[in-house]
Amino acid sequence: MFTIILIMASGIAIGWLLRGRKLPFLGRVTNVLIWVLLFLLGVEVGGDERIIRGIASLGVEAALVALAGVAGCALLCILLWRHAKGGKGDARK
């Protein structure tokens, strides 16, 4: 854990030292590194027998969590909209 914090802190320090400089290649480098990390994550997941055996149940659980998240977000948006409009149900006014 200390290693992760140290790596992140060093990245913040380097970013702070390089602020204000034009680094046009940095966006491309970041995208490539993200793709590499995603690939390595897939390799790690594919190599874990427990995850592969339970992929069907993980998919169902993930879908349920996603649907519950969307439903909760929609409900809270409706409630916030009604509160912002002064308690009136018609949002078109």
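## A walk through an all-helical model

Let us start with charge: the protein carries 11 positive and 5 negative side chains, and the centres of the two sets are 23 Å apart. Here Lys and Arg count as positive and Asp and Glu as negative, with His and the chain ends left uncounted; each charge is placed at NZ of Lys, CZ of Arg, CG of Asp or CD of Glu. Please keep in mind that this is a predicted model, in which local features need pLDDT of at least 70 and side-chain atom pairs count only at pLDDT 80 or more, while totals for chains, interfaces and linings use all residues. Residues are numbered from 1 along each chain as its sequence is written, and side-chain values use heavy atoms, without hydrogens or water.

Now for the fold. The protein has four helices and zero strands, giving the pattern α-α-α-α along the sequence. Helices (H or I, at least four residues) and strands (E, at least two) are DSSP runs, numbered from the N terminus.

Next, the overall dimensions. Along the principal axes, the C-alpha atoms fill a box of roughly 50 × 50 × 25 Å. Buried residues, meaning those under 20% relative accessible area (exposed is over 50%, partly exposed in between; 1.4 Å probe, protein chains only), make up 0% of the 93 residues.

Finally, look at helix 2 (residues 26-46), where Val43 is found. Because its relative accessibility is 46%, Val43 counts as partly exposed.
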